[in-house]
Amino acid sequence: MQRTLVKAAHNSSNPMDQILLQGWVRTKRDAKKFSFIELNDGSSLKGLQIIVDASLADYAQVARAQTGASVEVNGKLVASQGGGQKWEVVATSFQVVGEAESDYPLQKKGHSLEFLREIAHLRPRSNLFGAVFRVRSRLAYAIHQFFQERKFCYVHTPLITASDCEGAGEMFRVSTLDPKKPPLNPSGEVDYAQDFFEKSTYLTVSGQLEGEIFASALSNIYTFGPTFRAENSNTSRHAAEFWMIEPEVAFCNLQGNMDLAEEFVKYLVRDVKEHCADDLEFFGKFVDKELLTNLDLVLEKPFVRCSYTEAISIIEQSGKKWEKPVKWGDNLQSEHERYLTEEHFKCPVTIHDYPRSLKPFYMRVNEGESPDRETVAAMDLLVPGIGEIIGGSQREERLEVLRENMANHDLNEKDYWWYVDLRRYGSVPHSGFGLGFERMLMFVTGVANIRDVIPFARTPGNAEF
RNA sequence: UGCUCGGUAGCUCAGUGGCAGAGCAGGUGACUGUUAAUCACUUGGUCGUAGGUUCGACCCCUACCCGAGCAGCCA
């Protein structure tokens, strides 16, 4: 007898004489002559109601089938006599596979997200987290589908890297040296020449530089993998380990880059809406009442595009009182980004052409601007509720300008010799961006904390599971 | 890392300078085609930790630990 998933049972168009279900008990309601058991196997938000009649030989098993227990049920799929569901299962046999002890922490009532984080080994069995991780899986699939449909090549960039990718914050060191007595060089510092890779190595903060190499050969590529930042960030939208999607496109300028980003985000929203409708409806009910309306809005309207310079004057003319006032040349603060996307435009906004001094060495310097207001072809996509979800740019393809940038940023050309080489051999204009996978997932689910869209979140002081 | 708020039963929370509380979960029983079922009874506590003030501290003070929100950094 083959197992039927709860989702398939719900979708059945006919009653079934025989059905085998396996899963976990969500709740049990005992009557005198029978018991109702709600069984969930993670295949869908909705559980399936099982009726176990007291006359059944296995009825004694029901007493052991407490919330959280795993069970195996054979029975008939029949039209439900009660309201609330189309189908239910009348058991012909009922076995408890694994009992749940009475201190099973997941109850029928609501739990705080903070508490559920502490029981990350059990929270996937809750409605909310089951839904989150089903959507996470679909979103990952949709990402590959989007790029594969467009003939982008999936590139696996290294997780261990020697390049201290500029501007991306603190890195986790990768070393096999004995931390108690590491070898020292003559000047008394740790001698990483004796380390595993014979140089300092770190977990990657971005696959972009390697992505550019492959775009300079295969034209359209994307990466999709884990990324690590050792920043001591304690916010609802930062994690030490997260997944990032980084497309890189040869013969593409900033306009094309912004077009791709917008098409991409809309594609993902549309795909999840289509394939995770039940889960999204749940988020709309219990997480964010506006979610479905907001997602529709994303699909309907073109994203606003606004230059950094325009953004600054909008903020200046807003008449609002800012904690930190901005002038041209300053970084936009969270409060400003929130104002732009949530209040002023009320939709996703792409801010482009930022001051050169604010951005990393690899971004392309715009031509024909006054020397005190130089900009680079950078873009950030901001969405309501989360802020920056995409950061990208056209890359500097001109050898001399790149060298000048590196000098301005105190970078040693020798450390990036292969990156510079790309500008010496068949250099092309090219562009790319990074999309934070978890931030996108927060956006489509309405879940407000990044720790709640990662199965086992790594944040400062937290790596329990 | 800075600022702010919080930590009381398995969970969600109330509480007052003077006997430690409720709902849910667990247990027992009743009842009912139930839907977070219902009703009665019932088990369950180092009040984050360590000091201090006080006749007396869950409550007031100090330090520390942990969590959350916001900010910075970014995706």
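In helix α6, which spans residues 277–286, the buried residues are Asp-279, Leu-280, Phe-282, Phe-283 and Gly-284. In this predicted model, the buried residues of α6 pack against four other helices, namely α3 (127–149), α5 (254–275), α7 (291–300) and α12 (437–445). An α-helix has 3.6 residues a turn, so residues three or four places apart point the same way. Among the buried residues of α6 are Asp-279 and Phe-282, as well as Leu-280 and Gly-284.

Helix α6 belongs to chain A, in which 12 helices and 16 strands are found. The C-alpha atoms of the chain fill a box of roughly 85 × 60 × 45 Å when the box is taken along the principal axes. Of the 465 residues in chain A, 50% are buried, and the chain exposes about 23000 Å², of which carbon and sulfur atoms supply 50%. Among the contacts in chain A with a separation of 6 or more, 67% are made by residues that lie 24 or more positions apart. With respect to charge, chain A carries 53 positive and 66 negative charges, and the mean positions of these two sets are 6 Å apart.

An open sheet of 8 strands is formed in the order β6-β10-β11-β16-β15-β14-β13-β12, and the pairing within this sheet is mixed. Strands β6 (153–154) and β12 (304–307) stand at the edges of the sheet, and because each has a single partner strand, one side of each is left without a neighbour in the sheet. Strand β12 pairs with β13 in the parallel sense, over 4 bridges. In this pairing, Ser-307 has His-352 of β13 as its bridge partner.

His-352 is placed in strand β13, which covers residues 349–355. With a relative accessible area of 14%, His-352 counts as buried, because this value is under 20%. The relation between His-352 and Ser-307 also involves the side chain of His-352, a polar atom of which lies 3.5 Å from the backbone nitrogen of Ser-307. A further polar contact, at 2.9 Å, joins the side chain of His-352 to the side chain of Asp-353. When neighbours within four places in sequence are left aside, the residues in contact with His-352 are Leu-254, Met-258, Arg-305, Cys-306, Ser-307, Tyr-308, Ala-378 and Met-379. Asp-353 is likewise found in strand β13, and its phi is near 60°, a positive value in a residue other than glycine.

A positive phi in a residue other than glycine is also found at Phe-251, where the angle is near 55°. Phe-251 is placed in the loop between β11 (241–250) and α5. Its relative accessibility is 64%, and Phe-251 therefore counts as exposed, the cut-off for this class being over 50%.

Another set of paired strands involves β1, β2, β4 and β5. Strand β1 (residues 16–30) pairs with strand β4 (residues 70–79) in the antiparallel sense, over 7 bridges. Within this pairing, the bridge partner of Met-16 in β4 is Leu-77, and Leu-21 stands opposite Val-73 of β4. Strand β4 is in turn joined by 10 bridges to strand β5 (residues 87–98), these two strands running antiparallel, and Val-78 stands opposite Glu-88 in β5. Strand β1 is also joined to strand β2 (residues 34–40), by 6 bridges and with an antiparallel arrangement, and in this pairing Lys-28 has Ile-37 of β2 as its bridge partner. The connection from β1 to β2 is a hairpin that passes through 3 residues.

A further open sheet consists of 3 strands in the order β7-β9-β8, with antiparallel pairing. Strands β7 (160–161) and β8 (173–174) stand at its edges, and since each has a single partner strand, one side of each is left without a neighbour in the sheet. The pairing of β7 with strand β9 (residues 201–203) is antiparallel and extends over 2 bridges, with Thr-161 standing opposite Tyr-202 in β9.

Technical notes:
Residues numbered from 1 in each chain as written. Chains lettered and ligands numbered in written order. Predicted model: local features only at pLDDT ≥ 70, side-chain atom pairs only at ≥ 80, totals over all residues. Heavy atoms only, no water. Buried < 20%, exposed > 50% of the residue type's maximum accessible area, 1.4 Å probe, protein only. Polar contact = N/O pair within 3.5 Å; in protein donor to acceptor, adjacent residues only side chain to side chain. Contact = heavy atoms within 4.5 Å. Areas by Shrake-Rupley, 256 points an atom, 1.4 Å probe, with all protein chains shown as cover. Lys, Arg positive; Asp, Glu negative; His and termini not counted. Charge placed at Lys NZ, Arg CZ, Asp CG, Glu CD. Pairing = 2+ DSSP bridges.
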